Amino acid sequence: MTPPNHAARLPRHSLPHFSPRSCTDIICCVLFLVFILGYIVVGVVAWVYGDPRQVLYPRNSTGAYCGVGANKDKPYLLYFNIFSCVLATNVITVAENGLQCPTTQVCVSSCPNVTWTVGADQLLQKVGEVFYTADRNFCLPGVPWDMPVTQSLQQELCPGFLLPSTPALGRCLPRVNSSTPPELPGIPSNTTISQGISGVLDSLSARDITVKIFEDVAQSWHWILVALGVALVLSLLFILLLRLVAGPLVLVLILGVLGVLAYGIYYCWEEYRVLRDKSARINEVGITTNLGAYRNVQETWLAALIVLAVLEGILLLLLIFLRQRIRIAIALLKEASKAVGQMMSTLFYPLVTFVLLLICIVYWAMTALYLATSGQPQYVLWAPNASLPNCEKVQMNTSCNPMAQPMNYSCPGLKCVFQSYSSTGLVQRSLFNLQIYGVLGLFWTINWVLALGQCVLAGAFASFYWAFYKPQDIPTFPLSSAFIRTLRYHTGSLAFGALILTLVQIARVILEYIDSKLRGAQNPVARCIMCCFKCCLWCLEKFIKFLNRNAYIMIAIYGKNFCVSAKNAFMLLMRNIVRVVVLDKVTDLLLLFGKLLVVGDVGVLSFFFFTGRIQGLGRDFENPSLNYYWLPIMISILGAYVIASGFFSVFGMCVDTLFLCFLEDLERNDGSLDRPYYMPKSLLKILGKKNEAYPGDKKKKK
């Protein structure tokens, strides 16, 4: 005979996870939805007014883009005098100005392949004879055929020399690799400049290295996937096997920590004994900035020995007096392993979080890019040498119209050139200020997505704990049910918690910005005050993250609003602070060991495989021939760390959820038929409690 369903007739307060729910924090939900609509409007406005081509494509001297529009067949930018970029300023300043240099720039279909300089006999010839007939189409558009070469050079309408160049970042940068560099007109110290250009080219253009990297990835991508698969399997096995080895593993790790401290005590004692015999005392060294000198005095090792001995004693005392709480932590870890085994889909929920975070970041990046390029182009008068007598009367850097370009032949090289994109107009100022709205949207949406993941996982694992008979009473689709329930009822609560965290993070960003701007003018007192403020905000952010995490768990369990859930979670944890600390440290130690195990195994396996140290695998399993064998190894290690972090973050959320459920179960129930404990029998045995019902049985008794 099947016993009566205790869960069906228990008071509602003893079944928190199944209590009826209603929408929480409605005002914050409406505010968040309105903000998202405004964020979408900002993206539309940015798309309408922005022009990201100025970032993606180089511009010539008139501001026209190379590779699009009228210059569709001319994708590269050629500098008439590339040395002016080096001689006039440093490379960092040039990069900050968008690689704009004080020289004429023209869009070309291909970069020069040979070295060429205007000869003395060519100065009196026509432009068409020297440039056009010789297939040197590097002059500005519209330069007449019959213009003298001398005049074209004075006005910088045509280049005076060409160097063999390589396209890099859409620009023709010279490759000066000959032992006898060409003699160039007006360029002193040619050899030094050539070496400088080679250095600039090496630093700005890593084309060869990039090609080799892509070749290595193409050769080894399938083996990298195998390594990531190994990391996935190891992470999964580690979590699932914790139900069997959690106790011995925690014991081994604790003994390992004790052993390390004991070895540290022994080593410090040996060093202290040797230095004591040598009478090496600290008064012989005195006060010095050379910290290495303190390694050779006996007082340093004596202090280290005392510190390690105190830590060893404290840890031993904690193990003696907190052994029962450690057993509770181990039992919860085993129960968490069972929960994850029952809900394997939860291990892959971080992929959903990753996709949502990627959408948030990409949307913000595109919006910020379009907003940053929303200004109107500005053109100014410019001449290569404004100090010439005929150029002194010309007001340089004044606005001009490139479509009606003035040609003052008395000032050589005077032209209307592109300077920058304006952001001083009313519309441009409004568009630029929307970047603040975008940054707020980035932080708020990211924190909301993370909160959604925590609340969904907490809801799924809470349904496991509060299932009276396992696995019969566990919902068929616990993860999807928790996802729908969270979005339907608790979007506002998640937005409330995410907004609080966002405001603190924005305050930290503003403080970091102020610190970077005032760093050079600060006195020691102001710097100390700034460090205190930054430290306080950092601590506040950590506390809010901790409080939000537990508040989301309580929201998933009881369905209350954010403030009530945060208060209840905080008070519950404070009433059990010792258990909280023990469980947190045991879990951190275990997950750290798991990460090191997964990443270390994948790293060692990848190293031996890609370096060809594993022999006899057969022709189909030979290691690929690579330019940089460390590249796939690093990718495999990084991927293994990401996979292990994703899996273990789910497991950590499971442990925290089951812990709060356990504390609620312990305080609200007494083991009677009307209020039975939902905790597993292992925890009941540790606590010395009895239960008249039978939660956790795989089969109902008859």
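**Exercise 1. Compare the expected and actual span of helix α18 (residues 562–575) in this predicted model.**

Solution. Start with the element itself: helices are DSSP runs of H or I with at least four residues, strands are runs of E with at least two, and both are numbered from the N terminus. The expected span is 1.5 Å times one less than the number of residues. For the 14 residues of α18 that rule gives 20 Å, and the end C-alpha atoms are 20 Å apart, so the two values agree.

A word on the ground rules before going on. Residues are numbered from 1 along each chain as its sequence is written. Since the model is predicted, local features need pLDDT of at least 70 and side-chain atom pairs count only at pLDDT 80 or more, while totals for chains, interfaces and linings use all residues; side-chain values use heavy atoms, with hydrogens and water left out.

**Exercise 2. Work out which residues of α18 are buried, and how they are arranged around the axis.**

Solution. First, fix the classes: buried means under 20% relative accessible area, exposed over 50%, and partly exposed in between (1.4 Å probe, protein chains only). By that rule the buried residues of α18 are F562, S565, A566, A569, L572 and L573. Next, look down the axis of α18: the buried residues fall within an arc of 135°, so they line one face of the helix. The arc is taken over the directions from the helix axis to the C-beta atoms. Last, turn to the face away from the buried side, where K567 and R575 are exposed. A general point helps here: an α-helix has 3.6 residues a turn, so residues three or four places apart point the same way.

**Exercise 3. Repeat the analysis for helix α15 (residues 478–489).**

Solution. The 12 residues of α15 should span 16 Å at 1.5 Å a residue, and its end C-alpha atoms are indeed 16 Å apart. Its buried residues are P478, L479, A482, T486 and Y489. Seen down the axis of α15, these fall within an arc of 125°, so they line one face. I484 and R488, on the other side of α15, are exposed.

**Exercise 4. Describe the second largest cavity: its volume, lining and chemistry.**

Solution. Begin with the definition: on a 1 Å grid over the protein atoms alone, a cavity is a set of points where a 1.4 Å probe fits but cannot get out, and lining residues have an atom within 4 Å of a point. Points are joined across faces, edges and corners, and the volume is the space filled by probe spheres set on them. The structure holds four cavities of 30 Å³ or more, and the second largest has a volume of about 100 Å³. Its lining includes L78, Y79, F80, F161, L162, C172 and P174. The elements giving two or more residues to this lining are β1 (76–79), β4 (161–162) and β6 (171–174). By chemistry, the lining has 10 nonpolar residues, two polar and no charged. Here Ala, Val, Leu, Ile, Met, Phe, Trp, Tyr, Cys and Pro count as nonpolar, Asp, Glu, Lys and Arg as charged, and the others, Gly among them, as polar.

**Exercise 5. Place Y79 and V586, and say whether each is buried or exposed.**

Solution. Y79 sits in strand β1 and counts as buried, at 6% relative accessibility. Y79 and F138 are 59 residues apart along the chain, with 9.8 Å between their C-alpha atoms. V586 belongs to helix α19 (residues 577–610) and is buried, with a relative accessible area of 11%. V586 and V250 are 336 residues apart in sequence, yet 7.4 Å apart in space, C-alpha to C-alpha.

Definitions and conventions
On a 1 Å grid over the protein atoms alone, a cavity is a set of points where a 1.4 Å probe fits but cannot get out, and a pocket is an open set with protein on both sides within 12 Å along at least five of seven lines; lining residues have an atom within 4 Å of a point.
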